[in-house]
There are 2 protein chains.
Amino acid sequence: MHLNDLGEFALIDRIVAHLGEAAARDIVVPSGDDAAAWTTVEGYAVATIDALVEGTHFRRDTMSMADVGWRAVAANVSDLAAMGAEPQYLLIATLLGPDVTLEDVDGLAQGIGEACVAMGVRVAGGDIVRAGTTGLSIAAYGRARQTTDDTPVLLRRGGARPGDRVAVSGHIGAAAAGLALIETGRGNQVAAAPLVRAHRRPVGRVALGRAAVARGVRCAIDCSDGLLQDLGHIAERSHVGIEVALAQVPLHPAAVELLGAQVALDLALGGGEDFELVLTGGREALMALDGARRSGSAGAGIPRLGREDDVPVTLIGRVVAEHPGEVIAWAEDGSVYEPPRRGWDQTRDTGDR
Amino acid sequence: MHLNDLGEFALIDRIVAHLGEAAARDIVVPSGDDAAAWTTVEGYAVATIDALVEGTHFRRDTMSMADVGWRAVAANVSDLAAMGAEPQYLLIATLLGPDVTLEDVDGLAQGIGEACVAMGVRVAGGDIVRAGTTGLSIAAYGRARQTTDDTPVLLRRGGARPGDRVAVSGHIGAAAAGLALIETGRGNQVAAAPLVRAHRRPVGRVALGRAAVARGVRCAIDCSDGLLQDLGHIAERSHVGIEVALAQVPLHPAAVELLGAQVALDLALGGGEDFELVLTGGREALMALDGARRSGSAGAGIPRLGREDDVPVTLIGRVVAEHPGEVIAWAEDGSVYEPPRRGWDQTRDTGDR
């Protein structure tokens with residue numbers, strides 16, 4: 001069946017069917033009215049919106065439409081994870097370019113559904129329109145924990161303090177390494193699989209963000225623009241300096257093996273879109289996040305990490321009072337890292353990645 | 001200054017400055033972190049997302065970028081108004097096409113800001129990306145009234161009951177008439193001004209939706225797809241029939257004068273995008289909404305209508321148990337209206353309006 005043979009409502013019904021249990025059917029007003037409605041509790045709403053468009057954020061030759069849907073969900077969920085919030089509902093606006101087929105829409109909805117189930121969110125509503133460019137815009141809503149005295153507990157970019165240690169989850173640069181391997185025709189190599197997966201199926205670190213909040217960590221950002229640029233956002237908003245020990249940055253072994261240590265490092269520092277968490281806080285609290293994973297014991301009141309959050313947390317540097325706003329990355333020989341290229345600036349990018 | 005000379009964050013700062021008091025600066029977490037955060041009360045959240053893209057939903061030769069921004073806000077606010085909800089916050093994803101200038105972005109932000117102030121909402125956050133097509137995706141978040149027994153009070157598409165009367169606010173078809181006049185080179189005629197304004201600067205009927213809820217009305221939709229199609233949505237979701245007296249449909253006098261009564265009627269029934277409210281409910285309640293406007297007295301517990309909601313409410317038909325799912329529009333001579341064209345179906349439209 002051709003996409004144009006379906007009316008808007010038949011298409012929406014088909015998408016909702018593909019979403020499966022990811023479609024929020026039992027809320028006060030599910031999909032199908034002027035707006036969605038759900039119950040709220042007294043507290044704090046946390047919300048974000050992101051757009052992913054073909055040519056700027058994804059290419060059809062490096063990922064399927066199912067991957068595009070998954071990744072769009074992950075990017076939004078990751079923003080809430082980086083606040084330490086609990087994601088609840090997504091609203092999804094889908095832009096269908098002129099070349100989109102019904103199979104593409106099916107794939108997109110399937111990828112969105114799989115990502116929602118994996119990351120514990122549901123789709124409350126959406127919009128679907130014809131456009132010159134294919135893309136997705138997702139708004140994600142969640143809630144924040146509260147302390148007993150009613151202050152919101154959030155991971156803020158401005159929450160870093162001199163004396164804090166800096167940590168990252170998972171492996172940094174894996175997504176960019178996966179993309180680089182696909183682009184050079186090596187994406188099908190067996191050794192490349194975890195890197196390709198990091199590019200196509202990244203995971204928002206929801207349980208980790210919530211565990212960090214529960215352990216007293218108050219500063220995080222998700223690694224989406226490249227590690228150095230993301231650390232720069234923390235340094236600027238917190239009015240602190242950040243020093244990183246390059247040797248400590250957790251590169252993916254497959255990236256080092258297939259691309260070499262230097263390229264793997266460059267991709268980690270400048271590549272972006274790993275959606276790992278960058279955290280600053282006390283050494284004990286950060287190390288406990290790693291230890292909880294290994295021991296399987298979360299501790300009282302600490303959310304248990306799910307399988308998707310079963311990632312290492314690695315100390316990579318420290319927060320200092322000196323050089324506020326600036327990030328300095330040191331090599332073991334005492335030299336300062338000079339990036340080969342800028343991080344990801346969406347307003348300058350012209351669509352060639 | 002050229003758009004490409006500004007980094008993403010400088011551009012966002014510039015947009016926030018243009019938004020003026022429409023930027024939500026005093027919420028828990030304003031723009032600038034991974035996500036926005038605000039306080040919630042126990043009750044019901046109402047949320048919607050819409051995308052407006054160039055070529056499909058607007059053309060740069062019929063409206064300025066400021067109009068585009070205004071209209072995108074109005075379309076979203078209108079969805080919440082049609083639920084009887086109180087809009088609070090917007091999240092805005094902006095897609096910048098290759099031909100967009102810094103002046104365009106300034107104009108867009110200004111139009112968004114003006115619309116937010118006029119309709120009582122604020123921008124809590126957003127995203128700005130380069131894309132092949134220019135467009136906006138806005139997610140709007142608001143809250144619903146509650147009864148004392150904790151049930152949400154909303155205007156649902158499925159809330160129409162046989163015996164209800166059908167009413168519309170304002171004039172129907174004015175926006176489509178304005179667009180038709182612009183397209184035929186008559187948009188600058190003095191008499192066309194209110195119609196051109198209806199196309200470029202529509203207003204979500206927030207206070208009217210809330211007043212309707214307070215008066216016991218339980219069914220509404222906003223008039224965005226054309227009156228017949230929007231009534232069809234109510235008929236389908238409510239499993240009722242709807243009968244409309246064509247002679248009662250409030251056409252704009254300027255549309256009748258400039259385009260003739262038949263074209264004005266065709267545009268009202270099939271044109272769409274007026275963002276007026278279509279309501280069904282008891283005759284007294286619906287007429288009181290019109291009377292409140294004229295007397296200036298809202299009544300105890302009834303939100304007072306703002307200037308932007310100072311529109312007539314006109315009875316145009318009734319809800320019947322017969323022909324469920326079907327809308328029949330009767331002319332005064334007893335003939336049934338046959339539409340000259342379909343209403344607006346976004347998945348079929350190829351961008352020529």
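To compare the two copies, they are superposed by least squares on the C-alpha atoms of residues with pLDDT of at least 70 in both. Done that way on this predicted model, chain A lands on chain B with an RMSD of 0.0 Å, after a turn of 180° and a shift of 0.0 Å along the axis. That's the relation of a two-fold axis. In chain A, the C-alpha nearest this axis belongs to Glu42(A), at 2.3 Å. Both copies use the same surface, with 100% of chain A's contact residues recurring in chain B.

How far can you trust the model? Its scores are ipTM 0.90 and pTM 0.91. Chain A has a mean pLDDT of 89, and 89% of its residues reach 70 or more. Within chain A, confidence bottoms out in strand 6 (residues 152-153), at a mean of 74, and peaks in strand 11 (residues 313-320), at 98. Then there's the stretch at residues 343-353 of chain A, where the pLDDT is below 50; beyond near neighbours in sequence, this stretch still has 30 contacts in the model.

Now for the split inside the chain. The domain assignment divides chain A into domain 1 (3-148) and domain 2 (155-330), and their C-alpha centres sit 25 Å apart. Where they touch, domain 1 of chain A puts in 20 residues and domain 2 of chain A puts in 21 residues. On the domain 1 side, the elements giving two or more residues are helix 2 (65-81), strand 3 (86-96) and helix 3 (102-119) of chain A. Helix 2 of chain A has the largest share there, with nine residues.

On to the chain-chain contact: 66 residues of chain A meet 66 residues of chain B. Quite a list of chain A elements gives two or more residues to it, including helix 1 (8-19), strand 4 (122-130), strand 5 (135-146) and strand 8 (219-222). The largest share, ten residues, comes from strand 2 of chain A. This strand also pairs across the interface: five bridges join strand 2 of chain A to strand 1 (residues 36-40) of chain B, and the two run antiparallel. Ala47(A), for one, stands opposite Ala36(B) in strand 1 of chain B.

Here's the make-up of the two contact sides by residue class.

| Contact side | Nonpolar | Polar | Charged |
|---|---|---|---|
| Domain 1 of chain A, touching domain 2 of chain A | eleven residues | four residues | five residues |
| Chain A, touching chain B | 34 residues | 18 residues | 14 residues |

How values were computed: Residues are numbered from 1 along each chain as its sequence is written. Chains are lettered from A and ligands numbered from 1 in the order in which they are written. This is a predicted model: local features need pLDDT of at least 70, side-chain atom pairs count only at pLDDT 80 or more; totals for chains, interfaces and linings use all residues. pLDDT is the predictor's confidence in each residue, from 0 to 100. Helices (H or I, at least four residues) and strands (E, at least two) are DSSP runs, numbered from the N terminus. Two residues are in contact if their C-beta atoms, placed from the backbone, lie within 7 Å. Domain bounds come from an automatic or database domain assignment. Ala, Val, Leu, Ile, Met, Phe, Trp, Tyr, Cys and Pro count as nonpolar, Asp, Glu, Lys and Arg as charged, and the others, Gly among them, as polar. Two strands pair if DSSP finds at least two bridges between them.
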